[in-house]
Amino acid sequence: MNDDEKGKRFLELIDEQNNLQWSIVAKLSSLVNLKWNSDELQQELESLIEKHSKITKELNSLDDNSSML
């Protein structure tokens, strides 16, 4: 992957990560309001966190070769 492709992918991942972060905050707020008594929301939150972790790992791997992003 050349630097232009890496830069484009980096921006796509940052955008996706930002959207996930807002979703995580919304789910956490809902769980707090429900006194943490929603298995469905907890599972959704776990899924969002897993997706966020995968994106973070991919972001980190884009810079493994110490390229300029």
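A polar contact here is a pair of N or O atoms within 3.5 Å, and within protein one of them must be able to donate a hydrogen while the other accepts it. Keep that in mind as we walk through this predicted model, because the definition returns when we reach Gln17.

Let's begin with the overall layout. The chain holds 2 helices and 0 strands. Its radius of gyration is 15 Å, well over the 11 Å that the globule rule gives for 69 residues, so the chain is more spread out than a compact globule. The dimensions of the C-alpha trace fill in that picture: along the principal axes it spans about 45 × 15 × 15 Å.

How much of the chain is buried? Of its 69 residues, 22% count as such. The chain exposes about 5300 Å², and carbon and sulfur atoms supply 50% of that area. As for charge, there are 8 positive and 14 negative side chains, with the centres of the two sets 4 Å apart.

Now for how the chain meets itself. Among contacts with a separation of 6 or more, 66% are accounted for by residues 24 or more positions apart. Gln17 gives us a concrete place to look at such pairings. This residue lies in helix α1, which covers residues 3-33. Leaving aside neighbours within four places in sequence, Gln17 is in contact with His52, Ile55, Thr56 and Leu59. Helix α2 runs over 39-62, so you can follow these partners of Gln17 along that stretch of the model.

Is Gln17 buried or exposed? Its relative accessible area is 12%, and since buried means under 20%, Gln17 is buried. Here the opening definition comes back: the side chain of Gln17 makes a polar contact with the side chain of Thr56, at 2.8 Å. Thr56 thus appears both in the contact list of Gln17 and as its polar partner.

Finally, let's visit the loop between the helices. Most residues other than glycine have a negative phi. Which way does Lys35 go, positive or negative? Lys35 has a positive phi of about 60° although it is not a glycine. Trp36 likewise has a positive phi, of about 65°, and is not a glycine either. Lys35 is found in the loop between α1 and α2, and Trp36 is found in that loop too. Their exposure is worth checking as well: Lys35 counts as exposed at 64% relative accessibility, whereas Trp36, with a relative accessible area of 46%, is partly exposed.

Terms used:
Residues numbered from 1 in each chain as written. Predicted model: local features only at pLDDT ≥ 70, side-chain atom pairs only at ≥ 80, totals over all residues. Heavy atoms only, no water. Helix = DSSP H or I, 4+ residues; strand = E, 2+ residues; numbered from the N terminus. Rg over C-alpha atoms; globule rule 2.2 N^0.38 Å. Buried < 20%, exposed > 50% of the residue type's maximum accessible area, 1.4 Å probe, protein only. Contact = heavy atoms within 4.5 Å. Areas by Shrake-Rupley, 256 points an atom, 1.4 Å probe, with all protein chains shown as cover. Lys, Arg positive; Asp, Glu negative; His and termini not counted. Charge placed at Lys NZ, Arg CZ, Asp CG, Glu CD.
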